[in-house]
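Welcome, and please open your viewer. We will go from the whole chain to single residues, one selection at a time.

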Amino acid sequence: MEGEINNLVMVWITVVASLCYCHTIGNIITPGTARLIAILPVILIFLVLPLNLRTIILGGPISFFVAWLANFKLLLFAYSKGPLSSNPPLSLSRFIPLASFPIKIQEDPLNKQKKSLTNYAIKALIFSTIIPVQQNKSYTIHPKVFMSLYFIYIYIFLEIIQAAVAALVRAALGAELEPHFDEPYLSTSLQDFWGRRWNLMASDSLRSTVYIPVRNIMSRWIGRKWAPVPAVIPTFMMSGIIHEFIFYSMRRSKPTWEVTLLFVVHGMCLAAEIAVKKAVNRKWRLPPLVSGSLAVAFLMTTALWLFMPALMRLEVDVKAYSEMIEFVESIKIK
């Protein structure tokens, strides 16, 4: 673990140095293709940086923070769009954390959305059950039940780690930040889940870099009303490809493309949902309790069909568990 911490330090030194370069480029090169070419080496570096880490508990989040979110923010920055672009330009002290962490400054600070400490405490308590569940998975827990529990653990882990990072950055910047999750188990539809509740930083990055450009192109052909329908599918395809890369960075295993298939299925179903809503012009809809139950059931079913088996096949649960135990033991020794 000590060697991995050293690798992590080198990764962040590289990230900070690269972002200093990008900030300078932003001040001397006008937005457009020239700026994109200038920062393209950084984008390529950020793609391979997570491969310097061998652990899941460090490599997975860094893949998400740097290879995904930071790169998408830099692509937008090349054309003076996204959270890294403002007038006047961001200071370096704000540019670096906004680029390298999954955060977004809340545009309307009066409309604050904060979760209570009790909310996080309950989720942390649920997550703590991962130890007995992991220890007994081969004896008393049905595989489907275990995968369902682990899917919940993944959600809680993602929310807690992103909230912890956001809390540190919030204290440093003195600014209120957008939430990362909005209780996705309360979703009333697929559109509600993916657009307004699940991993909102990831959704925002894909919306800005894929969905909106494709929607604008399609609106010229089929009009603004129906353009969102075909724009959804390539957005989800991109999400699937990025997830495949994150899986590879964690275990260095050849992609099976099950995760991409999952996102393609969800993209097609979401496109169909949007099309139906537009066709009935929102005059008729299922009660939220019914539509929400159907959406959550569909999400869990497809996750157990495609996402979780791909994850379990890589033995990510075993490796992550051993890494956590090793980390706890190293703290006890010190």
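Begin with the whole chain selected: of its 334 residues, 46% count as buried, where buried means under 20% relative accessible area, exposed over 50%, and partly exposed in between, using a 1.4 Å probe and protein chains only. This is a predicted model, in which local features need pLDDT of at least 70 and side-chain atom pairs count only at pLDDT 80 or more, while totals for chains, interfaces and linings use all residues. Residues are numbered from 1 along each chain as its sequence is written, and side-chain values use heavy atoms, with hydrogens and water left out.

**The whole chain**

Colour by confidence next. pLDDT is the predictor's confidence in each residue, from 0 to 100; its mean over the chain is 88, and 94% of the residues reach 70 or more. Switch to a cartoon and you will find 13 helices and 0 strands; helices (H or I, at least four residues) and strands (E, at least two) are DSSP runs, numbered from the N terminus. Confidence is highest in helix 2 (residues 33–48), at a mean of 96, and lowest in helix 13 (residues 316–333), at 71.

Zoom out for the overall dimensions. Along the principal axes, the C-alpha atoms fill a box of roughly 60 × 55 × 45 Å. The radius of gyration is 21 Å, which agrees with the value near 20 Å for a compact globule of 334 residues; it is taken over C-alpha atoms, and the globule rule is 2.2 Å times the number of residues to the power 0.38.

**Helix 9**

Now select residues 200–222. Where is the kink in helix 9 centred? Look at Arg-207, where the helix bends by about 45°; the bend at a residue is the angle between axes fitted to the seven residues ending there and the seven starting there. The end C-alpha atoms of this 23-residue helix are only 28 Å apart, short of the 33 Å that a straight helix would reach, an expected span being 1.5 Å times one less than the number of residues. Its buried residues include Leu-200, Val-210 and Ser-219, and among the elements covering the buried residues of helix 9 are helix 3 (56–78) and helix 10 (228–251). Step just past helix 9 to Gly-223, which takes a positive phi of about 90°.

**The core**

Show side chains for the next stop. The largest nonpolar core has 89 residues, and Trp-68, Trp-194 and Phe-307 are among those with the most contacts inside it. Such a core is a set of buried Ala, Val, Leu, Ile, Met, Phe, Trp, Tyr and Cys residues joined through side-chain atoms within 4.5 Å. Helix 3 gives the largest share, 13 residues. Centre on Trp-68: its contacts (heavy atoms within 4.5 Å) include Ala-202, Leu-206 and Ile-246, not counting residues up to four places away in sequence.

**Helix 11 and two loops**

Select helix 11, which has 22 residues and reaches 31 Å, close to the expected 32 Å. Helix 8, helix 10 and helix 12 are among the elements that cover its buried residues. Asn-281 follows helix 11 and has a positive phi, near 55°.

Move on to Pro-287, in the loop between helix 11 (258–279) and helix 12 (288–313). Pro-287 counts as partly exposed because its relative accessibility is 47%. Its C-alpha lies 8.7 Å from that of Thr-188, although the two are 99 residues apart in sequence.

Finish at Glu-176, in the loop between helix 7 and helix 8. Is Glu-176 buried or exposed? Glu-176 is buried, with a relative accessible area of 11%.
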